[in-house]
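Subject: A structure for you to look at

Hello! Here is the structure I promised to pass on to you. Please open it next to this email, and follow along as I go through what turned up.

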Amino acid sequence: MAVKKWLFLFLCFFSLNLQAQRIAIMGALDQEIAILLDSMKTSKKVNHGGIDFYTGKLKGKKVVILKAGVGKVNAAYSTAILVENFDPETLIFTGVAGGLHPEALPGDIVIGEKLVQFDFGQVNSTGFTVSPFRKLTGGRHEDLYIQADADLLEKSTTVANRIELVPISGRKPKVFSGVIATGDIFVSSDEKARWLYEEFDALATEMEGAAIAHICRTLEIPFVIIRSCSDNANNHARVNFNQFVGPASVNSARLVLGILEEIQ
Ligand code: ADE
């Protein structure tokens, strides 16, 4: 009798585990997901829609990791293919960004509380005007700023303040939370960086976050966008990016590993 009971419990646990949804972790570049892939147990690779998906366990959690590619279109496409094939319970994005806040320097973490597309608007003879809202498929309008999941934000902040981050130029990285501005532009201009900071109150800029946020919001998938600064989106951004993309990717990935530990 006892054997039957244990067998029953084992089968229940096994089938529940099979059904448990995965946590999706996405980056745009190889460097951004490299240490996560290295740390993953029993990794298996499958391809859907031209994207390689790596499934396995990280910190004891069922995960699927993918590289989205650069820019909003690649990010949106990858998110759609991911959702169609894996139906993830949560999506965490990890990667680098250009810091816009004067104190957000290479190596620092920026947790995206809100995501905004900075290049969604109209141009006329007087210049570019940002759209006052987002237009959803089906015609509905929503706020231009997309809020990340409150619980994931809380976990991210808690973890960010306790983990060890890679120092850059001997400086201990700082942690910021706030707006991240997304656009299909690698920003390498003092003037554009200042505009993004002033117009959107944005702490960092990158090329994927708001596209992913838009889809997650539409499909009601809890998400968080984690970034570490590789540069300051200023005139030196390209040189700094090449110099710091490695350590900044590691800092962002370390935070993601910490978040996985916090998720029940
Ligand atoms: N990702 C990292 N640095 C960036 C920058 N300066 N502009 C856009 N995306 C980035």
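A residue counts as buried when its relative accessible area is under 20%, as exposed when that area is over 50%, and as partly exposed in between. With that in mind, take G127: its relative accessible area is 23%, so G127 is partly exposed. This glycine sits in strand β8. The C-alpha atoms of G127 and N47 are separated by 43 Å, and the two residues are 80 apart along the chain. Please keep in mind throughout that this is a predicted model.

Two helices with a buried side

Let us begin with helix α2, which covers residues 30–39. Which of its residues are buried? They are E32, I33 and L36. These three cover an arc of only 60° around the axis, so they lie on the same side of α2. The face turned away from that buried side carries D30 and D38, which are exposed. Among the elements that cover the buried residues of α2 are the strands β1 (23–27), β3 (51–58), β4 (61–67), β5 (90–99) and β14 (223–231), along with helix α7.

Now look at helix α5, residues 190–200, where the buried residues are A193, L196 and F200. Their arc around the axis is only 75°, which puts them on the same side of α5. E191 and E198 are exposed on the other side of this helix. The cover over the buried residues of α5 includes β6 (109–117), β8 (127–130), β12 (175–182) and β13 (202–206).

Helices that pack against each other

Two packed helices are described by the angle between their axes and the distance between the axes. You can try this out on three pairs here.

For α2 and α7, the axes come within 8 Å and cross at roughly 50°. That angle makes α2 oblique to α7. On the α2 side, the contact is made by Q31, E32, I35, L36 and S39, and on the α7 side by V245, S249, V250, A253, R254, V256 and L257. E32 and L36, then, are part of this contact and also belong to the buried residues of α2. The crossing of α2 and α7 is right-handed.

Helix α7 (residues 237–262) also packs with helix α4 (residues 150–160), at an angle of about 120° and with the axes 9 Å apart. This makes α4 oblique to α7. Here, too, the crossing is right-handed. From α4, the residues L152, K155, S156, V159 and A160 meet L255, G258, I259 and E262 of α7.

The third pair is α3 (residues 72–86) and α6 (residues 209–219), whose axes are 8 Å apart at an angle of about 35°. α3 passes α6 in a right-handed crossing. K72, A75, A76, T79 and V83 of α3 meet A211, I212, I215 and L219 of α6.

A serine in α7

Is S252 buried or exposed? This serine belongs to helix α7, and its relative accessibility is 0%, so S252 counts as buried. Which residues is S252 in contact with, leaving aside its neighbours within four places in sequence? They are T94, G95, I109, I226, R227 and S228.

Cysteines

How many disulfides does a search of the whole structure find? The result is 0. Two cysteines to look up are C216 and C229. C216 has a relative accessibility of 1%, so it counts as buried. C229 is buried as well, with a relative accessible area of 0%.

Positive phi angles

Most residues other than glycine have a negative phi. Against that background, three residues are good ones to find on your screen. D87 is not a glycine, and yet its phi is positive, at about 45°. D87 is located in the loop between α3 and β5, and with 48% relative accessibility it counts as partly exposed. E220 has a positive phi too, near 55°. This glutamate lies in the loop between α6 and β14; its relative accessible area is 71%, so E220 is exposed. Finally, D201 comes just after α5 and takes a positive phi of about 60°.

Enjoy exploring, and write back with any questions!

Best wishes

Note on methods. Residues numbered from 1 in each chain as written. Predicted model: local features only at pLDDT ≥ 70, side-chain atom pairs only at ≥ 80, totals over all residues. Heavy atoms only, no water. Buried < 20%, exposed > 50% of the residue type's maximum accessible area, 1.4 Å probe, protein only. Helix = DSSP H or I, 4+ residues; strand = E, 2+ residues; numbered from the N terminus. Arc of directions from axis to C-beta. Contact = heavy atoms within 4.5 Å. Disulfide = S-S within 2.5 Å. Axes fitted to C-alpha atoms, helices over the stretch in contact; angles between N-to-C directions. Parallel < 35°, antiparallel > 145°, perpendicular 65-115°, else oblique. Left-handed = near helix turned anticlockwise from the far one by under 90°.
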